[in-house]
Amino acid sequence: EIVLTAVRRRGCALEFAAPELRRNRCFILAAVQASWEAFMHADRECRGDREIVLAAVQTRARALEYATKELRGRRDVVFAAIQKDIEALQFASKHVRRDPEFILAA
């Protein structure tokens with residue numbers, strides 16, 4: 001609880017949390033809902049969790065940069081990020097960025 005409070009106040013504090021917390025799905029989900037910066041320090045598995053990534057990009061679209069390659073290639077995830085900030089498109093996979101249908105729909 002103390003660590004979650006610290007991470008909610010300053011997301012980058014997650015960098016110093018125990019590895020078990022950095023890969024704990026529930027903990028990371030709560031943390032990224034308060035601070036997108038926590039997402040940068042989450043375990044790779046959590047950065048590949050669609051629900052966590054969507055929560056992170058809702059807080060700050062730039063969080064897409066730290067998502068796994070697979071999720072940066074998913075249209076729904078990229079669309080959620082660019083709805084928040086079109087600049088997030090730069091973090092999408094090349095496949096998505098070069099997809100004319102996606103670009104027109106976005």
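Is C26 buried or exposed? At 61% relative accessibility, C26 counts as exposed, and I would like to start from that residue, keeping in mind throughout that what we have on the screen is a predicted model.

The cysteines make a convenient opening. The closest cysteine sulfur to that of C26 belongs to C46, and because the two sulfurs lie 9.5 Å apart, they are too far from each other for a bond. C46, for its part, is in no disulfide, and its surroundings contrast with those of C26, since C46 has a relative accessibility of 4% and therefore counts as buried. When the whole structure is searched, the number of disulfides found is 0.

Let me turn to the charged side chains. As a general remark, side chains of opposite charge can pair when their charged atoms come close. In this model the count of salt bridges comes to 6, and I will go through some of them, beginning with those made by R25.

R25 sits in helix α3, which covers residues 25-34, and with a relative accessible area of 34% this arginine is partly exposed. One of its partners is D49, with the closest N and O atoms 2.7 Å apart. That pair links distant parts of the chain, for D49 is in the loop between α5 (44-47) and α6 (50-59), and the two residues are 24 residues apart. D49 has a relative accessible area of 18%, so with the limit for buried set at under 20%, this aspartate is classed as buried.

The other partner to mention is E51, whose salt bridge with R25 has its closest N and O atoms 2.4 Å apart. Here the glutamate lies in helix α6 and the arginine in helix α3, so the pair ties together parts that are 26 residues apart in sequence. E51 is partly exposed, with a relative accessible area of 41%. Taken together, R25, D49 and E51 are linked in a network of salt bridges.

Helix α6 also takes part in a salt bridge through R50, whose side chain meets that of D76 at 2.7 Å, N to O. This pair again links distant parts of the chain, with D76 in helix α8 (residues 75-84) and R50 in helix α6, 26 residues apart. Both ends count as partly exposed, D76 at 29% relative accessibility and R50 at 37%.

What about the nonpolar side of the picture? In soluble globular proteins, nonpolar side chains tend to be buried together. The largest nonpolar core in this model has 37 residues, and those touching the most other members are L14, I28, V32, F39, L64 and V78. The elements that give two or more residues to this core are α1 (2-9), α3, α4 (37-40), α6 and α8.

V32 is a useful residue to look at from inside that core. Once residues up to four places away in sequence are set aside, V32 touches A38, F39, I52, A55, A56 and T59. T59 appears again in the contacts of S35, a residue in the loop between α3 and α4. Leaving out neighbours within four places in sequence, S35 is in contact with V7, R8, G11 and T59, and at 9% relative accessibility this serine counts as buried.

How many aromatic pairs does a search of the whole structure find? The search returns 2 aromatic pairs. In one of them, the rings of W36 and Y66 have their centres 6.2 Å apart and their planes at 40°, so the pair is tilted. W36 is in the loop between α3 and α4, whereas Y66 is in the loop between α6 and α7 (69-72), and the two are 30 residues apart. W36 counts as buried at 12% relative accessibility, while Y66, at 23%, counts as partly exposed.

The other pair is formed by F79 and F102, whose ring centres are 6.5 Å apart and whose planes stand at 80°, so this arrangement is edge-to-face. F79 is in helix α8 and F102 in helix α10 (residues 100-105), which places them 23 residues apart. F79 is partly exposed, with a relative accessible area of 32%, whereas F102, at 5% relative accessibility, counts as buried.

Notes:
Residues are numbered from 1 along each chain as its sequence is written. This is a predicted model: local features need pLDDT of at least 70, side-chain atom pairs count only at pLDDT 80 or more; totals for chains, interfaces and linings use all residues. Side-chain values use heavy atoms; hydrogens and water are left out. A salt bridge is a side-chain nitrogen of Lys or Arg within 4 Å of a carboxyl oxygen of Asp or Glu. Helices (H or I, at least four residues) and strands (E, at least two) are DSSP runs, numbered from the N terminus. Buried means under 20% relative accessible area, exposed over 50%, partly exposed in between (1.4 Å probe, protein chains only). A nonpolar core is a set of buried Ala, Val, Leu, Ile, Met, Phe, Trp, Tyr and Cys residues joined through side-chain atoms within 4.5 Å. Contact means heavy atoms within 4.5 Å. A disulfide is a pair of cysteine sulfur atoms within 2.5 Å. Rings of Phe, Tyr and Trp (its six-membered ring) pair if their centres lie within 6.5 Å; planes under 30 degrees apart count as stacked, over 60 as edge-to-face and the rest as tilted.
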